[in-house]
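Open the model in your viewer with cartoon and side-chain display at hand. The stops below are meant to be selected in order.

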Amino acid sequence: MKVTVNRKAHFNAAHRLYNADWSDARNATVFGKCANPHYHGHNYELIVGVKGEIHPETGFVMDMKVLKKLIEVEIEQAFDHKNLNEEVEEFKKLNPTAENIAVVIYHKLKPKLDVNLILTITLYETPRNFVVYGDE
Ligand code: NI
């Protein structure tokens with residue numbers, strides 16, 4: 001019997017969506033306002049889901065204090081109030097779309113979790129736009 005525990009987190013960050021191989025016009029067409037060369041911000045809402053067996057001694061799938069701290073250290077401290085393109089190493093050459101940010105978050109957290117746990121990242125870039133990436 002597997003159960004998913006979820007932890008919500010939040011960060012504000014600036015980005016610009018841009019393909020350096022394209023003209024400014026094509027970037028503007030494809031990425032719209034997100035291609036603004038002066039950057040713009042989003043209030044990202046993150047849900048980290050961890051699925052696994054309930055430990056018989058604790059009744060926990062994972063200690064939420066540990067998950068909270070992990071998200072603080074690995075994600076919030078790395079991304080909050082940052083310009084993702086300029087200040088976060090992973091996005092120096094990777095377009096910081098919600099899709100790519102979710103994949104980066106997954107790869108930052110996955111190695112820190114017990115190998116038996118199933119990880120799912122849900123990332124809201126706006127209240128209506130969100131992406132999901134994970135083990136299943
Ligand atoms: Ni944007």
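What follows is a tour that goes from the whole chain to single residues and pairs.

**The whole chain**

Keep in mind throughout that this is a predicted model. Start with the cartoon of the protein chain, which shows 4 helices and 5 strands. Followed along the sequence, these elements come in the pattern β-α-β-α-β-α-α-β-β. Aligned to the principal axes, the C-alpha atoms fill a box of roughly 60 × 25 × 25 Å.

Switch to a surface next. The accessible surface of the protein chain is about 8200 Å², and carbon and sulfur atoms account for 52% of that. Of the 136 residues, 38% count as buried. For contacts between residues at least 6 apart in sequence, 65% join residues at least 24 apart.

**Aromatic pairs**

Select the aromatic side chains. How many aromatic pairs are there? The count comes to 6 aromatic pairs.

Go first to phenylalanine 11 and phenylalanine 79, whose rings form an edge-to-face pair with 5.5 Å centre to centre and 65° between the planes. Phenylalanine 11 belongs to strand β1 (residues 2-15) and phenylalanine 79 to helix α2 (residues 64-79), so this pair ties together parts that are 68 residues apart in sequence. Both phenylalanine 11 and phenylalanine 79 are buried.

Then move to tyrosine 106 and tyrosine 133, another edge-to-face pair, at 5.0 Å centre to centre and 80° between the planes. Here the link is between helix α4 (residues 98-109), which holds tyrosine 106, and strand β5 (residues 130-134), which holds tyrosine 133; the two residues are 27 apart. Is each of these tyrosines buried or partly exposed? Tyrosine 106 is buried, at a relative accessible area of 8%, while tyrosine 133 is partly exposed, at 31%.

Now add Tyr44 and Phe91 to the view of the two phenylalanines: ring pairs link Phe11, Tyr44, Phe79 and Phe91 into a cluster.

One more ring is worth a stop. Select tryptophan 22 and arginine 26: the charged end of arginine 26 sits over the ring of tryptophan 22, 4.1 Å from its centre.

**Around tyrosine 133**

Return to tyrosine 133 in strand β5 and display its surroundings. Beyond residues up to four places away in sequence, tyrosine 133 touches Ala102, Val103, Tyr106, His107, Leu119, Thr120 and Ile121. For threonine 120, the C-alpha to C-alpha distance to tyrosine 133 is 5.8 Å, with their positions 13 residues apart in sequence.

**Around isoleucine 75**

Select isoleucine 75 in helix α2. This residue is buried, with a relative accessible area of 0%. Which residues does isoleucine 75 contact, leaving aside its neighbours within four places in sequence? They are Phe11, Leu46, Leu70, Asp80, Ile105, Lys108 and Leu109. For a distance label, use valine 104: its C-alpha atom is 9.6 Å from that of isoleucine 75, and the two are 29 residues apart along the chain.

**Salt bridges**

Colour the charged side chains. The structure holds 6 salt bridges, and the next three selections are among them.

- Glutamate 74 and lysine 112 meet at 3.6 Å, N to O. Glutamate 74 is in helix α2 and lysine 112 in the loop between α4 and β4 (118-124), so the bridge ties together parts 38 residues apart in sequence. Glutamate 74 counts as buried at 18% relative accessibility, and lysine 112 as partly exposed at 49%.
- Glutamate 89 and lysine 92 meet at 3.4 Å, N to O. Glutamate 89 is exposed, with a relative accessible area of 58%; lysine 92 is partly exposed at 46%.
- Aspartate 135 and lysine 110 meet at 2.8 Å, N to O. Aspartate 135 is in the segment after β5 and lysine 110 in the loop between α4 and β4, so parts 25 residues apart in sequence are tied together. Both ends count as partly exposed, aspartate 135 at 33% relative accessibility and lysine 110 at 24%.

**A nonpolar patch**

For the last stop, show the surface again and select Met1, Val3 and Ile54. These residues form a nonpolar surface patch, with about 280 Å² of accessible area together. Methionine 1 lies in the segment before β1 and is exposed, with a relative accessible area of 71%.

Key. Residues are numbered from 1 along each chain as its sequence is written. This is a predicted model: local features need pLDDT of at least 70, side-chain atom pairs count only at pLDDT 80 or more; totals for chains, interfaces and linings use all residues. Side-chain values use heavy atoms; hydrogens and water are left out. Rings of Phe, Tyr and Trp (its six-membered ring) pair if their centres lie within 6.5 Å; planes under 30 degrees apart count as stacked, over 60 as edge-to-face and the rest as tilted. Buried means under 20% relative accessible area, exposed over 50%, partly exposed in between (1.4 Å probe, protein chains only). A charge sits over a ring if NZ of Lys or CZ of Arg is within 6 Å of the ring centre and within 35 degrees of the ring normal. Patches are made of residues with over 30% relative accessible area and no salt bridge: like charges are joined within 9 Å, nonpolar side chains (Val, Leu, Ile, Met, Phe, Trp, Tyr) within 5 Å. Accessible areas come from the Shrake-Rupley method with a 1.4 Å probe; for residues, only the protein chains shown count as cover. A salt bridge is a side-chain nitrogen of Lys or Arg within 4 Å of a carboxyl oxygen of Asp or Glu. Contact means heavy atoms within 4.5 Å.
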